[in-house]
Amino acid sequence: MAAAAGLVSSGEDVGHPCDSSLPRSSSDNSDTSQTFDDQRDAADTMGLGGKIRVLVTGRTLSGKTTLLTKICGSSHAAAADDLQAELVHQHYIFHDSLGFQNPRETSYVAVQRFLQTRGATRTLPQQVRAIWYCIRTDTHMFISPAEEDFFSANMAQKVPVIAVFTKYDALVTLAFAELRRSMGRLEAKEKRFDKAHELLQSRYILPLKSFPFPPSAFVVLKEDIRDDTLNTDTLLQTTLDLTSGPSLAPILRSVRQNNIDACLKHAVAAPIDATDVAGPLCRFSRAATDTLRQRPYEWNQQAAPPQNAAYCTTMFCEKIPSENPWTNARRSEAIAAACICIDQTFMEASACAADFPAAFQIALDAYFSTEHSPRSVVNKEIAKFSPQDYREVVDPSSSEQRLMRKAVPKLMEIIKAHRLRLRDE
Ligand SMILES: Nc1nc2c(ncn2[C@@H]2O[C@H](COP(=O)(O)OP(=O)(O)OP(=O)(O)O)[C@@H](O)[C@H]2O)c(=O)[nH]1
Ligand SMILES: [Mg+2]
């Protein structure tokens, strides 16, 4: 028999993070050893040797649980209907979903929620790093409504998807039957594998590739999954290729973004009453630096020493001079400007500028530039706040009866909606 598993095609290139349109700071000394870099982050992560979290999902009765039982051992079957259950393998942590055919099924909605929740987590080990989307090839439904939805609506977001074709023996039998209509038994037997490969391409792979968010790779399990001879080497190697090195960069970026966003509420709420408008800058910068510092694989510590907050405060105050007294709107504009520029610096500019202050200066210049003027759009939205937005009310999202100002969540929404992105993704 042919190889047990076949990689049909794979791959998605992630460009170098510094191949960007970001203007270089004049102080850039091109000493790349001192710069923050997504790719180096990715390399560091590999060195940590953490297990890779994989979601196994897809078509009903496509052999997902059988496959995982084979890979992880027989104890798995008992937890097969619990998506949260972790199946621990030497190098992987698997989650086994119940299958679906239609996007309205509860198991599909559960997968959707699971991916959203995991996507919002703040450490790499908590993130789903790959999805095995299993598709059985023994039925007449080549592409299901669930697949149409999954690969059109970008359900996987930044997580690479491997389409895993199962029950391939049935497709070979079908290929043989089709060939028999026009040729003798011996000839059909000889040509049945080529014909099955052709059917796989035309009925499954080409339609899947035509979706807006297609799988990153396609793997065929050519043997019966229940057989002892099942070989999963290609599947596991493809998973490793898609979850390490440069391929990891989008997930690392999203973890970093989640961490910065976690600091945002405090960065907005604390200074909204304060007279010192440089406060948001320092608070946000310190909180974000401290948070990211705890996770060395997500942040290069050298890139943001704490004293940088002081340099950045000076630069910031040159753009927004102190006012006495501050109006609510002016204070909100300053908070938004500080948060947007710091977010930009942590997320992008420091990947290419010489150091944190240089990167922050680039962000400030872009935000305050008259050419693009993101600042004017943000300020127009802040101008729509009413005086009541700045008064204290009970925070409905808090379990304790905590007081907050409506302006805080509104400002957070505005900041998130107007992230300053200078680099072409
Ligand atoms: N012919 C054939 N049958 C298989 C293969 N793998 C699994 N099966 C059978 O297919 C049926 C479904 O297998 P499961 O592993 O439970 O499938 P699943 O995808 O986990 O199903 P759900 O969780 O209900 O979506 C079982 O009866 C298996 O014994 C295979 O490679 N070939
Ligand atoms: Mg199952």
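The following exchange introduces the predicted model of this protein.

In this predicted model, local features need pLDDT of at least 70 and side-chain atom pairs count only at pLDDT 80 or more, while totals for chains, interfaces and linings use all residues. Residues are numbered from 1 along each chain as its sequence is written, and chains are lettered from A and ligands numbered from 1 in the order in which they are written.

Me: Which strand gives the most to the largest nonpolar core?
Reply: A nonpolar core is a set of buried Ala, Val, Leu, Ile, Met, Phe, Trp, Tyr and Cys residues joined through C-beta atoms within 7 Å. A residue is buried if 20 or more other C-beta atoms lie within 10 Å of its own, exposed if 12 or fewer, and partly exposed in between, with C-beta atoms placed from the backbone. The largest core has 48 residues, and I131, W132 and Y133 are among those that touch the most other members. With six residues, the greatest contribution comes from strand 5 (residues 130-136; strands are DSSP runs of E, at least two residues, numbered from the N terminus).

Me: On which side of helix 14 do E413 and A417 lie, and are they buried or exposed?
Reply: Helix 14 (residues 407-417; helices are DSSP runs of H or I, at least four residues) has A407, V408, L411, I414 and I415 buried. Because these cover an arc of only 125° around the axis (taken from the directions from the helix axis to the C-beta atoms), they are on the same side of helix 14. E413 and A417 lie on the other side, and they are exposed.
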